[in-house]
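Colleague: I would like to learn how to read salt bridges, burial and helix packing from a set of coordinates. Could we go through them one after another?

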Amino acid sequence: MDAEYEVKDLEDETNEEEEQEEMGKKMVAKGHKDALERLKQKDPEFYQFLQEHDKELLEFDDEDAEEDADNDLEEPTIDNDEAVGEHIQLEKEEKKQSKTVVTIAMVESWTKAVLDGGKIGALRSLLKGFRIACHYGDDSGDDSSSNLSIMSSAVFNKIMVFVLSRMDGILRKMLDLPSYGGKKEVMLKVMGTRKWKKYSHLVKSYLGNALHVLNQMTDAQMVAFTLRRLKYSSLLLAAFPSLLRKYVKVALHFWGSGGGALPVVSTLFLRDLCVRLGQECADDCFKGMYKAYVLNCQFINAAKLQHIQFLGNCVIEIFRVDLPTAYQQAFVYIRQLAMILRDAITMKTKESFRRVYEWKFMNCLELWTGAVCTYSSEADFKPLAYPLTQIISGVASLVPTARYFPLRLRCVRMLNRIAASTGTFIPVSTLLLDMLEMKELNRPPTGGVGKAIDLRTILKVNKPTLKTRAFQEACVYSVVEEIAEHLAQWSYSMAFFELSFIPAVRLRSFCKATKVDRFRKEMRQLIRQIEANSKFTNEKRASITLPNDPAAASEIENEKQLGPSPLSKYVVTLHQRAKQRSSSLVESSVTFGERSSVFGKRRSEGDEDDDDDDVVVDDDDDGPGNEEATAVFNSSWLPSGLPKVDTSRDEAKKKKKKRKKGQEDEEDDDIVEDFILSSDEEEIPSGTPNEEGENVKSRPQKKRQKFSKKESHSKKPRRKQREAKV
């Protein structure tokens, strides 16, 4: 009996489970029906689409649910998802087809309504068109909320040129702002008005879309034109701090990495931001420009040198906007350089020395030297001259070896600049005279003539170069120039005789010790000029009874106005000789990327209107102000509207030309020789004395051997076979 009751209980439980499953299926079917009813009410178009393409899905009932009980319930949902995806794609295509295509006539009607009547509706339509133009070709560029689309490059050009040229004046007139310029305080007052609350979204739309198109542009001329026009709207960025930070970031990127006139335009844009928006923006711009400068000056060559100097001049010019804020930044960064030098002096490791003796550190010193020299008369920057001088002197004497002569000469030039601008005496002669006493400059060269050396583009030379004649000549001539430059700064001082006494004595000792006649001749000429200048100052101070009389000292120094001193005349000739030598180095070397360092030489007429005179724009869209803009925004920029030009064939042709040129260079005997300083490379007959007084045996010239490609390739496997045998 108990077993029968147990079987009945099990049967009852299974029946109850089956009933629950059936109830669940019925609930699912009912829920599906309810969902279809709701879909019919909410989206009748989609429901009609399902009726046309999938009637079986809509004719679902309870019997179908019972028949398909064993089937998976997820299949209809999968079909539903596929249908939804197809429906969404069809809707997108229908919306694209239903959008109104903007024409030139529409744009002209909007611009006329905005300029003549100041209609807000036309302005909104114009800014919508500007948004579509800025997002043209983007993956997410289809704006579902807008019923406009741009299909013509002429329409694109028209909208971009008009908005970038006129929108600043239209918005300023609408918000009762001054027609040009203004400070942050003016903008803060406008932000509390009723007009700002009503039209601020238009300003944000204009600035935000312009920022987006700046990030998408790759043509330097287009970016330069856009930044130049947005410069006049810098005041409006005071109301949008997030946009301001993004604009500063974009401008810094173009300033550091752009070519042509783009760095100039970016500098003017950042400068206008600092002028209009005050200390907070100036602080961010100063930091950003300094960091971008450091990133660009890690490596130097002859072609990049001019570009680095230009970037440094831009940074120094930006400092002029707010000197107290610039002083705070300069103090922090000069202190960082001092800490790096302190670590090198105390730790004395290769890594610590390398952090000092690298281009990044030296170019930072060059930058702050230029800033201190430019603003030496200002009370804010003059106190920085002393710590900067201490750092430069420490760097020059950190590793006193001949391999770092180029770095030491660079430091000496910086010290001379600081001394000349601040009018203070800096003991530079010791650093230079110590170089002359090193054995590398006293003994005859044993490494031949060697290649010509440009000391401006190197910090360190290798050991074989130390033994060349070219290195010795470059160093000795540079030492003579810098000593003369240093002493010429005090050539009108009463104490010139005392200042020049020790340098003159050490120069005479070098003349006796050196075995190179041309160096001896150069030093004797410098000594004669020093003695002539000492005689000049001694005659002037012989008539003075009290040496400490400031009036008498000023009377001697006033002699500058009457005529140059003997030493200053000599310095002028040395500068001319150095200029000729540097130009000959440039001509004899192959410069790579020389166009990247040229700024402002080929500026178009539109680039010259950066002054306040070009604020007023003619109402005629075809005026001279828009000719440049129309040329800049040509139809070839459209990212997806027009097919791109296939440049693969041109690149292939260029590669073929390079290969042919390389083959001709290998087969040609006419090799470009290094720049020769003098006639020492000529064959010297045996037994004849050279300039140092030694007999030199004739050295046979090396014969250039030519091998054809077949011979060179055939010899390689023989070498491998020989090595394998060994």
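Colleague: Is Arg342 buried or exposed, or does Arg342 count as partly exposed?

Modeller: Burial is read from the relative accessible area, where buried means under 20%, exposed means over 50%, and partly exposed lies in between, with a 1.4 Å probe and protein chains only. Arg342 counts as partly exposed at 48% relative accessibility, and Asp343 is likewise partly exposed, with a relative accessible area of 25%. Please keep in mind that this is a predicted model, in which local features need pLDDT of at least 70 and side-chain atom pairs count only at pLDDT 80 or more, while totals for chains, interfaces and linings use all residues. Residues are numbered from 1 along each chain as its sequence is written, and side-chain values use heavy atoms, with hydrogens and water left out.

Colleague: What do Asp343 and Arg342 form, and how far apart are the closest N and O atoms?

Modeller: Side chains of opposite charge can pair when their charged atoms come close. A salt bridge is counted when a side-chain nitrogen of Lys or Arg is within 4 Å of a carboxyl oxygen of Asp or Glu. Asp343 and Arg342 form such a salt bridge, with 4.0 Å between the closest N and O atoms.

Colleague: How many salt bridges does a search of the whole structure find, and which residues are linked in a network?

Modeller: The search of the whole structure finds 20 salt bridges, and a network of them links Glu351, Arg354 and Glu358.

Colleague: Which salt bridge links distant parts of the chain?

Modeller: Helices here are DSSP runs of H or I with at least four residues, strands are runs of E with at least two, and both are numbered from the N terminus. Asp434 and Arg506 meet through their side chains in a salt bridge of 2.8 Å, N to O. This pair links distant parts of the chain, with Asp434 in helix H21 (residues 429-436) and Arg506 in helix H25 (residues 496-513), 72 residues apart. Another salt bridge joins Glu531 and Arg508, whose closest N and O atoms are 2.7 Å apart. Because Glu531 lies in helix H26 (residues 517-541) and Arg508 in helix H25, that pair ties together parts 23 residues apart in sequence. Glu531 counts as partly exposed at 42% relative accessibility, and Arg508 counts as partly exposed at 34%.

Colleague: At what angle do H20 and helix H24 pack?

Modeller: Axes are lines fitted to C-alpha atoms, for helices over the stretch in contact, and angles run from 0 to 180 degrees between N-to-C directions. H20 and helix H24 (residues 469-488) pack at about 15°, with their axes 11 Å apart. That makes H20 roughly parallel to H24, given that angles under 35 degrees count as roughly parallel, over 145 as roughly antiparallel, 65 to 115 as roughly perpendicular and the rest as oblique.

Colleague: Where is Asn416 found, and is Asn416 buried or exposed?

Modeller: Asn416 is found in helix H20 (residues 405-422), and Asn416 is buried, with a relative accessible area of 4%. Contact means heavy atoms within 4.5 Å; leaving aside neighbours within four places in sequence, Asn416 is in contact with Val428, Glu482, Glu485, His486 and Gln489.
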